[in-house]
Amino acid sequence: MKVLFASSEIYPYSKSGGLGDVAHSLPLALKKRCRMVSITPLYRFIDRKKFNLHSLGTTYTLQIAEKTYTYELFQAKGSDTLFVYNDILCETEALYGYDNDALRFGLFSYMIAAVAERINADIVHLNDWHTALAALLLKPAAIKTVFSIHNLAYQGIFNKKTLRKLAIDKRYFTMEGLEFYGKVNFLKAGIAYSNIITTVSPTYAKEILTDQFGCGLDGFLKKHEARLKGILNGIDTLFFNPEKDRTIGVNFDAVHLEKKAENKRQYYRTLGIEENDKPLFIFIGRLVEQKGISVMMEMLKNLSKELLEFVILGEGEKETEKKLLKLSKKYQNIHYIQGYDEALSHQLYASADFLLMPSLFEPCGLNQMIAARYGTVPIVHSTGGLKDSVFEQIEKCIQGIVFDDFSKEGCLGAVMRALVLYRNKKTYQSMVKFDMECDVSFKRSAKAYMKIYRELL
Ligand code: ADP
(Lines give C-alpha, C1' and ligand atoms only; values in the text may rest on other atoms or scores of the structure.)
Protein backbone atom coordinates (compact mmCIF):
# COMPACT_ATOMS: atom_id res chain seq x y z
CA MET A 1 0.00 0.00 0.00
CA LYS A 2 1.42 3.40 -0.98
CA VAL A 3 0.19 6.54 0.77
CA LEU A 4 1.00 10.09 -0.29
CA PHE A 5 0.88 12.32 2.80
CA ALA A 6 0.42 15.99 1.88
CA SER A 7 1.04 18.90 4.23
CA SER A 8 1.83 22.59 3.81
CA GLU A 9 4.39 22.27 6.63
CA ILE A 10 6.64 19.50 7.88
CA TYR A 11 9.09 19.85 10.74
CA PRO A 12 12.11 20.44 10.56
CA TYR A 13 11.76 22.06 7.12
CA SER A 14 8.85 24.34 7.95
CA LYS A 15 6.55 24.66 10.96
CA SER A 16 4.05 27.15 12.29
CA GLY A 17 2.56 24.88 14.96
CA GLY A 18 1.22 21.41 15.64
CA LEU A 19 0.55 20.59 11.97
CA GLY A 20 4.29 20.70 11.25
CA ASP A 21 4.99 18.35 14.17
CA VAL A 22 2.26 15.89 13.19
CA ALA A 23 3.26 15.90 9.50
CA HIS A 24 6.72 14.86 10.68
CA SER A 25 5.81 12.26 13.29
CA LEU A 26 2.68 10.55 11.92
CA PRO A 27 4.24 9.37 8.60
CA LEU A 28 7.28 8.28 10.62
CA ALA A 29 5.08 6.06 12.79
CA LEU A 30 3.12 4.77 9.77
CA LYS A 31 6.27 3.96 7.81
CA LYS A 32 6.67 0.74 9.75
CA ARG A 33 3.32 -0.44 8.45
CA CYS A 34 3.07 0.81 4.83
CA ARG A 35 4.92 2.80 2.17
CA MET A 36 4.65 6.49 3.08
CA VAL A 37 5.71 9.31 0.76
CA SER A 38 5.30 12.87 2.05
CA ILE A 39 4.87 15.96 -0.11
CA THR A 40 5.35 19.59 0.94
CA PRO A 41 6.36 22.93 -0.66
CA LEU A 42 10.02 23.84 -0.95
CA TYR A 43 9.64 27.37 0.46
CA ARG A 44 12.51 29.75 -0.20
CA PHE A 45 13.47 29.81 3.49
CA ILE A 46 14.16 26.05 3.54
CA ASP A 47 17.92 25.56 3.44
CA ARG A 48 18.46 23.25 0.44
CA LYS A 49 22.14 22.75 1.26
CA LYS A 50 21.60 21.91 4.91
CA PHE A 51 18.97 19.30 4.05
CA ASN A 52 20.83 18.04 0.96
CA LEU A 53 17.87 18.60 -1.35
CA HIS A 54 18.45 17.89 -5.03
CA SER A 55 16.22 18.41 -8.03
CA LEU A 56 14.90 15.20 -9.54
CA GLY A 57 15.68 16.78 -12.90
CA THR A 58 12.31 17.22 -14.60
CA THR A 59 10.25 20.37 -14.93
CA TYR A 60 6.55 19.53 -14.96
CA THR A 61 3.81 21.75 -16.30
CA LEU A 62 0.24 22.34 -15.27
CA GLN A 63 -2.33 23.98 -17.55
CA ILE A 64 -4.87 25.80 -15.42
CA ALA A 65 -7.36 28.30 -16.81
CA GLU A 66 -5.29 28.88 -19.94
CA LYS A 67 -2.17 29.55 -17.94
CA THR A 68 0.91 27.40 -17.72
CA TYR A 69 2.54 26.81 -14.35
CA THR A 70 5.74 24.84 -13.92
CA TYR A 71 7.07 22.98 -10.93
CA GLU A 72 10.02 20.83 -10.01
CA LEU A 73 10.41 18.04 -7.47
CA PHE A 74 13.26 17.89 -4.97
CA GLN A 75 14.34 15.17 -2.59
CA ALA A 76 17.18 14.28 -0.24
CA LYS A 77 18.90 11.00 -1.07
CA GLY A 78 17.17 8.08 0.65
CA SER A 79 14.37 10.26 2.05
CA ASP A 80 10.65 9.71 1.53
CA THR A 81 9.77 13.39 1.43
CA LEU A 82 9.13 15.09 -1.90
CA PHE A 83 9.42 18.87 -2.08
CA VAL A 84 7.58 20.77 -4.79
CA TYR A 85 9.02 24.01 -6.04
CA ASN A 86 6.96 26.55 -7.94
CA ASP A 87 7.85 30.23 -7.68
CA ILE A 88 4.34 31.46 -6.81
CA LEU A 89 3.90 28.87 -4.06
CA CYS A 90 7.39 29.02 -2.62
CA GLU A 91 8.84 32.54 -3.00
CA THR A 92 7.36 33.88 0.24
CA GLU A 93 9.15 34.88 3.44
CA ALA A 94 6.74 32.92 5.62
CA LEU A 95 4.18 30.16 5.23
CA TYR A 96 0.81 31.87 5.10
CA GLY A 97 -0.95 35.19 5.09
CA TYR A 98 -0.40 36.41 1.53
CA ASP A 99 -2.91 37.95 -0.88
CA ASN A 100 -2.36 35.10 -3.31
CA ASP A 101 -2.71 32.24 -0.78
CA ALA A 102 -5.71 30.91 -2.73
CA LEU A 103 -3.62 30.57 -5.88
CA ARG A 104 -0.57 29.31 -3.96
CA PHE A 105 -2.35 26.47 -2.20
CA GLY A 106 -4.69 25.82 -5.13
CA LEU A 107 -1.55 25.16 -7.19
CA PHE A 108 -0.13 23.01 -4.40
CA SER A 109 -3.33 20.92 -4.48
CA TYR A 110 -2.99 20.46 -8.26
CA MET A 111 0.61 19.34 -7.74
CA ILE A 112 -0.41 16.85 -5.05
CA ALA A 113 -3.02 15.33 -7.38
CA ALA A 114 -0.54 15.09 -10.27
CA VAL A 115 2.19 13.53 -8.12
CA ALA A 116 -0.29 11.06 -6.60
CA GLU A 117 -1.10 9.75 -10.06
CA ARG A 118 2.53 9.75 -11.16
CA ILE A 119 3.72 7.65 -8.22
CA ASN A 120 0.66 5.38 -8.32
CA ALA A 121 -0.46 6.20 -4.80
CA ASP A 122 -3.29 4.07 -3.44
CA ILE A 123 -4.31 6.68 -0.89
CA VAL A 124 -3.68 10.39 -0.55
CA HIS A 125 -3.79 11.73 3.01
CA LEU A 126 -4.58 15.46 2.93
CA ASN A 127 -4.16 17.84 5.85
CA ASP A 128 -6.07 21.08 6.45
CA TRP A 129 -7.38 23.58 3.90
CA HIS A 130 -4.04 24.09 2.13
CA THR A 131 -4.33 20.65 0.53
CA ALA A 132 -8.12 20.17 0.60
CA LEU A 133 -8.84 20.98 -3.06
CA ALA A 134 -6.86 17.89 -4.02
CA ALA A 135 -9.81 15.77 -2.77
CA LEU A 136 -11.94 17.33 -5.50
CA LEU A 137 -9.20 17.18 -8.13
CA LEU A 138 -8.55 13.49 -7.41
CA LYS A 139 -12.16 12.43 -7.81
CA PRO A 140 -11.80 11.33 -11.46
CA ALA A 141 -8.55 9.51 -10.66
CA ALA A 142 -10.39 7.20 -8.26
CA ILE A 143 -7.51 7.43 -5.79
CA LYS A 144 -8.88 7.21 -2.26
CA THR A 145 -8.49 10.26 -0.04
CA VAL A 146 -8.34 10.82 3.72
CA PHE A 147 -8.76 14.41 4.87
CA SER A 148 -7.56 15.44 8.34
CA ILE A 149 -8.80 18.59 10.02
CA HIS A 150 -6.17 19.91 12.42
CA ASN A 151 -8.02 23.11 13.25
CA LEU A 152 -11.48 23.97 11.94
CA ALA A 153 -10.92 27.65 12.69
CA TYR A 154 -8.74 27.93 9.57
CA GLN A 155 -10.75 27.16 6.43
CA GLY A 156 -9.15 28.97 3.49
CA ILE A 157 -12.06 31.24 2.51
CA PHE A 158 -11.53 33.28 -0.64
CA ASN A 159 -13.22 35.42 -3.23
CA LYS A 160 -15.46 33.71 -5.79
CA LYS A 161 -13.02 34.70 -8.55
CA THR A 162 -10.71 31.99 -7.20
CA LEU A 163 -12.88 29.39 -8.95
CA ARG A 164 -12.03 30.76 -12.39
CA LYS A 165 -8.34 31.20 -11.58
CA LEU A 166 -8.12 27.59 -10.50
CA ALA A 167 -10.37 26.26 -13.25
CA ILE A 168 -12.83 24.74 -10.81
CA ASP A 169 -16.12 24.01 -12.48
CA LYS A 170 -19.02 26.23 -11.35
CA ARG A 171 -21.13 23.17 -10.63
CA TYR A 172 -19.08 22.71 -7.45
CA PHE A 173 -20.02 26.20 -6.25
CA THR A 174 -23.05 25.04 -4.26
CA MET A 175 -23.86 24.65 -0.58
CA GLU A 176 -23.10 20.94 -0.89
CA GLY A 177 -19.75 21.84 -2.44
CA LEU A 178 -17.35 24.76 -2.01
CA GLU A 179 -19.74 27.66 -1.57
CA PHE A 180 -19.71 29.44 1.80
CA TYR A 181 -21.80 32.61 2.08
CA GLY A 182 -20.95 33.64 -1.49
CA LYS A 183 -17.27 32.79 -1.13
CA VAL A 184 -15.12 29.77 -1.88
CA ASN A 185 -14.20 27.59 1.10
CA PHE A 186 -11.27 25.24 0.45
CA LEU A 187 -11.81 23.20 3.63
CA LYS A 188 -15.29 22.26 2.41
CA ALA A 189 -13.69 20.48 -0.55
CA GLY A 190 -11.86 18.18 1.84
CA ILE A 191 -15.03 17.48 3.80
CA ALA A 192 -17.31 16.98 0.79
CA TYR A 193 -15.07 15.02 -1.55
CA SER A 194 -12.72 12.87 0.53
CA ASN A 195 -13.55 9.28 1.40
CA ILE A 196 -12.82 9.65 5.10
CA ILE A 197 -12.59 12.75 7.29
CA THR A 198 -10.56 12.64 10.46
CA THR A 199 -9.84 15.17 13.14
CA VAL A 200 -7.24 15.12 15.84
CA SER A 201 -9.16 13.99 18.93
CA PRO A 202 -12.42 12.17 19.69
CA THR A 203 -13.80 15.07 21.75
CA TYR A 204 -13.02 17.64 19.04
CA ALA A 205 -14.78 15.34 16.52
CA LYS A 206 -17.93 15.77 18.62
CA GLU A 207 -17.39 19.45 19.42
CA ILE A 208 -17.14 20.53 15.76
CA LEU A 209 -20.68 19.28 15.21
CA THR A 210 -21.95 21.96 17.58
CA ASP A 211 -22.76 25.59 16.99
CA GLN A 212 -20.19 26.62 19.63
CA PHE A 213 -17.17 24.98 17.97
CA GLY A 214 -18.36 24.37 14.41
CA CYS A 215 -16.97 27.67 13.00
CA GLY A 216 -20.01 27.91 10.70
CA LEU A 217 -19.51 24.40 9.34
CA ASP A 218 -21.30 22.35 12.04
CA GLY A 219 -24.39 21.77 9.88
CA PHE A 220 -22.24 20.80 6.90
CA LEU A 221 -20.11 18.48 9.01
CA LYS A 222 -23.21 16.84 10.48
CA LYS A 223 -24.24 15.83 6.96
CA HIS A 224 -20.90 14.07 6.60
CA GLU A 225 -20.76 12.77 10.17
CA ALA A 226 -20.78 9.10 9.10
CA ARG A 227 -17.36 9.61 7.49
CA LEU A 228 -15.90 11.62 10.41
CA LYS A 229 -13.60 10.06 13.01
CA GLY A 230 -11.54 11.53 15.85
CA ILE A 231 -8.04 10.13 16.40
CA LEU A 232 -5.84 11.59 19.11
CA ASN A 233 -2.42 12.81 17.96
CA GLY A 234 0.83 11.75 19.54
CA ILE A 235 4.36 13.14 19.44
CA ASP A 236 7.70 11.87 18.18
CA THR A 237 9.05 10.53 21.46
CA LEU A 238 12.53 10.00 20.01
CA PHE A 239 12.75 13.68 19.13
CA PHE A 240 11.11 14.90 22.33
CA ASN A 241 13.34 12.84 24.57
CA PRO A 242 14.79 14.35 27.78
CA GLU A 243 17.40 11.59 27.92
CA LYS A 244 18.95 12.53 24.58
CA ASP A 245 17.74 16.04 23.73
CA ARG A 246 20.85 18.07 22.84
CA THR A 247 19.09 21.41 23.15
CA ILE A 248 18.62 21.13 26.93
CA GLY A 249 21.27 21.84 29.55
CA VAL A 250 21.23 18.50 31.40
CA ASN A 251 19.69 15.26 30.16
CA PHE A 252 17.49 13.36 32.60
CA ASP A 253 14.97 10.57 33.02
CA ALA A 254 12.22 9.68 35.48
CA VAL A 255 14.70 8.17 37.95
CA HIS A 256 17.02 11.15 37.97
CA LEU A 257 14.71 14.06 38.62
CA GLU A 258 17.47 15.96 40.42
CA LYS A 259 18.91 16.50 36.92
CA LYS A 260 15.65 18.05 35.78
CA ALA A 261 15.97 20.40 38.74
CA GLU A 262 19.43 21.36 37.48
CA ASN A 263 17.86 22.54 34.22
CA LYS A 264 15.57 24.81 36.21
CA ARG A 265 18.49 26.15 38.25
CA GLN A 266 20.39 26.92 35.04
CA TYR A 267 17.37 28.57 33.50
CA TYR A 268 16.73 30.72 36.59
CA ARG A 269 20.36 31.85 36.32
CA THR A 270 19.84 32.93 32.70
CA LEU A 271 16.80 34.91 33.82
CA GLY A 272 18.92 36.50 36.54
CA ILE A 273 16.78 34.99 39.29
CA GLU A 274 18.43 33.96 42.54
CA GLU A 275 18.16 30.28 43.36
CA ASN A 276 14.84 29.56 45.03
CA ASP A 277 12.27 26.82 45.39
CA LYS A 278 9.49 28.69 43.66
CA PRO A 279 7.73 26.57 41.01
CA LEU A 280 8.26 27.51 37.39
CA PHE A 281 5.09 27.79 35.30
CA ILE A 282 5.33 28.11 31.52
CA PHE A 283 3.08 28.94 28.60
CA ILE A 284 4.30 28.20 25.07
CA GLY A 285 2.15 28.95 22.06
CA ARG A 286 0.66 31.22 19.49
CA LEU A 287 -0.75 34.35 21.09
CA VAL A 288 -4.27 34.05 19.74
CA GLU A 289 -7.68 33.93 21.39
CA GLN A 290 -7.90 30.15 20.86
CA LYS A 291 -5.10 29.62 23.36
CA GLY A 292 -6.99 31.35 26.17
CA ILE A 293 -4.77 34.41 26.09
CA SER A 294 -7.36 36.80 27.52
CA VAL A 295 -7.99 34.60 30.55
CA MET A 296 -4.25 34.27 31.08
CA MET A 297 -3.67 38.01 30.75
CA GLU A 298 -6.42 38.81 33.23
CA MET A 299 -4.80 36.45 35.72
CA LEU A 300 -1.24 37.81 35.51
CA LYS A 301 -1.80 40.53 38.09
CA ASN A 302 -2.91 37.90 40.61
CA LEU A 303 0.03 35.68 39.77
CA SER A 304 2.46 38.53 40.33
CA LYS A 305 1.63 38.26 44.03
CA GLU A 306 2.23 34.52 44.28
CA LEU A 307 5.41 32.62 45.06
CA LEU A 308 6.06 31.40 41.54
CA GLU A 309 7.85 32.33 38.33
CA PHE A 310 5.88 32.45 35.09
CA VAL A 311 7.53 32.38 31.66
CA ILE A 312 5.54 33.00 28.49
CA LEU A 313 7.11 32.15 25.12
CA GLY A 314 5.15 33.07 22.04
CA GLU A 315 4.27 35.40 19.25
CA GLY A 316 1.01 36.43 17.66
CA GLU A 317 -1.43 39.29 18.03
CA LYS A 318 0.61 42.49 18.22
CA GLU A 319 -1.57 44.08 20.91
CA THR A 320 -1.09 41.04 23.14
CA GLU A 321 2.66 41.06 22.56
CA LYS A 322 2.81 44.73 23.57
CA LYS A 323 0.74 44.16 26.70
CA LEU A 324 2.86 41.19 27.72
CA LEU A 325 6.08 43.17 27.28
CA LYS A 326 4.62 45.86 29.53
CA LEU A 327 3.43 43.42 32.17
CA SER A 328 6.73 41.57 32.26
CA LYS A 329 8.49 44.89 32.90
CA LYS A 330 6.04 45.70 35.67
CA TYR A 331 6.01 42.36 37.52
CA GLN A 332 9.28 40.78 38.58
CA ASN A 333 8.11 37.18 38.42
CA ILE A 334 6.37 37.41 35.02
CA HIS A 335 8.72 36.94 32.06
CA TYR A 336 7.70 37.30 28.43
CA ILE A 337 9.91 36.05 25.63
CA GLN A 338 8.64 37.31 22.31
CA GLY A 339 9.14 35.10 19.29
CA TYR A 340 9.33 31.54 18.10
CA ASP A 341 12.29 29.57 19.46
CA GLU A 342 12.32 25.78 19.14
CA ALA A 343 15.47 25.26 21.26
CA LEU A 344 14.26 27.55 24.03
CA SER A 345 10.91 25.76 24.07
CA HIS A 346 12.75 22.49 24.81
CA GLN A 347 14.71 24.16 27.62
CA LEU A 348 11.48 25.43 29.08
CA TYR A 349 9.74 22.04 28.92
CA ALA A 350 12.82 20.53 30.62
CA SER A 351 13.05 23.20 33.33
CA ALA A 352 9.44 23.85 34.26
CA ASP A 353 7.23 22.38 36.96
CA PHE A 354 3.89 23.22 35.35
CA LEU A 355 2.67 24.00 31.83
CA LEU A 356 -0.41 26.17 31.51
CA MET A 357 -2.83 25.56 28.60
CA PRO A 358 -6.01 27.54 29.25
CA SER A 359 -7.22 27.06 25.64
CA LEU A 360 -10.72 28.22 24.76
CA PHE A 361 -10.76 25.32 22.30
CA GLU A 362 -8.02 22.89 21.38
CA PRO A 363 -8.38 20.35 18.54
CA CYS A 364 -5.68 18.16 20.11
CA GLY A 365 -2.79 20.15 21.51
CA LEU A 366 0.72 18.76 21.62
CA ASN A 367 2.30 20.90 24.34
CA GLN A 368 0.65 18.86 27.11
CA MET A 369 2.21 15.69 25.66
CA ILE A 370 5.64 17.25 25.24
CA ALA A 371 5.39 18.61 28.79
CA ALA A 372 4.52 15.17 30.21
CA ARG A 373 7.53 13.69 28.44
CA TYR A 374 9.79 16.26 30.14
CA GLY A 375 8.20 15.83 33.57
CA THR A 376 6.24 19.07 33.52
CA VAL A 377 2.70 18.72 34.86
CA PRO A 378 0.04 20.19 32.54
CA ILE A 379 -2.75 22.47 33.76
CA VAL A 380 -5.46 22.50 31.11
CA HIS A 381 -8.93 23.77 30.34
CA SER A 382 -11.19 20.78 29.74
CA THR A 383 -11.76 21.04 26.00
CA GLY A 384 -11.08 19.06 22.80
CA GLY A 385 -7.92 16.99 22.82
CA LEU A 386 -6.94 18.34 26.24
CA LYS A 387 -10.02 16.60 27.65
CA ASP A 388 -8.92 13.36 25.96
CA SER A 389 -5.31 13.46 27.14
CA VAL A 390 -5.09 15.07 30.61
CA PHE A 391 -6.86 13.66 33.66
CA GLU A 392 -7.15 14.20 37.38
CA GLN A 393 -8.05 10.55 38.07
CA ILE A 394 -5.15 8.59 39.48
CA GLU A 395 -3.41 6.18 37.10
CA LYS A 396 -4.79 7.75 33.93
CA CYS A 397 -2.27 9.17 31.45
CA ILE A 398 -1.47 12.10 31.48
CA GLN A 399 -2.04 13.22 35.06
CA GLY A 400 -2.51 16.91 35.54
CA ILE A 401 -4.82 19.64 36.72
CA VAL A 402 -8.02 20.13 34.74
CA PHE A 403 -10.48 23.03 35.04
CA ASP A 404 -13.95 23.31 33.53
CA ASP A 405 -14.79 26.93 34.13
CA PHE A 406 -13.25 28.97 31.30
CA SER A 407 -12.70 32.20 33.20
CA LYS A 408 -10.03 34.02 35.14
CA GLU A 409 -11.41 32.47 38.34
CA GLY A 410 -11.43 28.96 36.89
CA CYS A 411 -7.88 29.23 35.63
CA LEU A 412 -6.60 30.91 38.78
CA GLY A 413 -8.22 28.20 40.90
CA ALA A 414 -6.29 25.59 38.88
CA VAL A 415 -3.00 27.45 39.41
CA MET A 416 -3.70 27.63 43.16
CA ARG A 417 -4.28 23.89 43.21
CA ALA A 418 -0.96 23.46 41.43
CA LEU A 419 0.77 25.51 44.14
CA VAL A 420 -0.69 23.28 46.85
CA LEU A 421 0.32 20.17 44.91
CA TYR A 422 3.85 21.49 44.47
CA ARG A 423 4.24 21.95 48.22
CA ASN A 424 3.23 18.32 48.72
CA LYS A 425 6.55 17.14 47.34
CA LYS A 426 5.91 13.40 47.48
CA THR A 427 2.62 13.50 45.57
CA TYR A 428 3.99 16.02 43.10
CA GLN A 429 7.10 13.97 42.34
CA SER A 430 5.17 10.76 41.86
CA MET A 431 2.91 12.59 39.40
CA VAL A 432 5.95 13.85 37.49
CA LYS A 433 7.40 10.32 37.30
CA PHE A 434 4.05 8.87 36.24
CA ASP A 435 3.68 11.45 33.44
CA MET A 436 7.18 10.85 32.13
CA GLU A 437 6.32 7.20 31.67
CA CYS A 438 3.03 7.79 29.85
CA ASP A 439 2.96 6.59 26.26
CA VAL A 440 2.42 9.80 24.30
CA SER A 441 3.89 8.38 21.09
CA PHE A 442 2.06 8.05 17.79
CA LYS A 443 1.92 4.25 18.13
CA ARG A 444 -1.76 3.94 19.04
CA SER A 445 -2.92 6.60 16.57
CA ALA A 446 -0.84 5.11 13.76
CA LYS A 447 -2.74 1.85 14.25
CA ALA A 448 -6.05 3.69 13.98
CA TYR A 449 -4.98 5.48 10.76
CA MET A 450 -3.73 2.18 9.34
CA LYS A 451 -7.12 0.64 10.00
CA ILE A 452 -8.76 3.47 8.05
CA TYR A 453 -6.34 3.08 5.14
CA ARG A 454 -6.95 -0.69 4.99
CA GLU A 455 -10.72 -0.28 5.05
CA LEU A 456 -10.51 2.11 2.11
CA LEU A 457 -8.82 -0.35 -0.21
P1 ADP B 1 -1.08 24.82 17.44
O2 ADP B 1 -0.84 23.91 16.30
O3 ADP B 1 -2.51 25.19 17.64
O4 ADP B 1 -0.20 26.02 17.43
P5 ADP B 1 -0.18 22.61 19.14
O6 ADP B 1 -0.24 22.44 20.61
O7 ADP B 1 -0.84 21.57 18.31
O8 ADP B 1 -0.71 24.06 18.80
O9 ADP B 1 1.36 22.65 18.69
C10 ADP B 1 2.20 23.64 19.07
C11 ADP B 1 3.64 23.28 18.72
O12 ADP B 1 4.36 24.48 18.43
C13 ADP B 1 4.39 22.64 19.86
O14 ADP B 1 5.44 21.86 19.36
C15 ADP B 1 4.96 23.88 20.61
O16 ADP B 1 6.03 23.58 21.43
C17 ADP B 1 5.36 24.73 19.43
N18 ADP B 1 5.39 26.17 19.67
C19 ADP B 1 4.34 27.02 19.72
N20 ADP B 1 4.74 28.29 19.92
C21 ADP B 1 6.09 28.24 20.02
C22 ADP B 1 7.13 29.23 20.22
N23 ADP B 1 6.83 30.52 20.38
N24 ADP B 1 8.42 28.82 20.24
C25 ADP B 1 8.72 27.50 20.09
N26 ADP B 1 7.80 26.52 19.88
C27 ADP B 1 6.51 26.89 19.85
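1. Let's start with helix α11 in this predicted model: Thr320, Glu321, Leu324 and Leu327 are its buried residues. Viewed down the helix axis, these buried residues sit within an arc of 130 degrees, so they line one face of α11.

2. Turn α11 around and you meet the exposed residues Lys318, Glu319, Lys322, Lys326, Lys329 and Lys330, on the face directed away from the buried side. The cover over the buried residues of α11 includes α10 (293-303), β14 (309-314) and β15 (334-338).

3. The geometry of α11 is worth a quick check too. Its 13 residues (318-330) should span 18 Å at 1.5 Å a residue, and the end C-alpha atoms are 19 Å apart, which agrees.

4. Helix α17 can be read in a similar way. In α17, Ser445, Ala446, Tyr449, Met450, Ile452, Tyr453 and Leu456 are buried; they fall within an arc of 160 degrees about the axis, so they line one face of the helix. Lys443, Arg444, Lys447, Arg454 and Glu455 are exposed on the other side of α17.

5. Now to the ligand, which you may enjoy most. It is surrounded by 20 residues, and the closest are Gly18, Asp21, Arg286, Lys291 and Tyr349. Polar side-chain atoms approach ligand oxygen atoms at 2.7 Å from Asp21 and at 2.8 Å from Tyr349. The protein buries 93% of the 570 Å² that the ligand exposes when taken alone.

6. Which elements each supply at least two residues of the shell around the ligand? They are α1 (18-30), β14, α12 (342-351) and α13 (367-373). The largest share, three residues, comes from α12.

Methods: Residues are numbered from 1 along each chain as its sequence is written. This is a predicted model: local features need pLDDT of at least 70, side-chain atom pairs count only at pLDDT 80 or more; totals for chains, interfaces and linings use all residues. Side-chain values use heavy atoms; hydrogens and water are left out. Helices (H or I, at least four residues) and strands (E, at least two) are DSSP runs, numbered from the N terminus. The expected span of a helix is 1.5 Å times one less than its number of residues. Buried means under 20% relative accessible area, exposed over 50%, partly exposed in between (1.4 Å probe, protein chains only). The arc is that of the directions from the helix axis to the C-beta atoms. Contact means heavy atoms within 4.5 Å. A residue is near a molecule or strand if one of its heavy atoms lies within 4 Å of it. A polar contact is a pair of N or O atoms within 3.5 Å; within protein, one must be able to donate a hydrogen and the other to accept it, and residues adjacent in sequence count only if both atoms are side-chain atoms. Accessible areas come from the Shrake-Rupley method with a 1.4 Å probe; for residues, only the protein chains shown count as cover.
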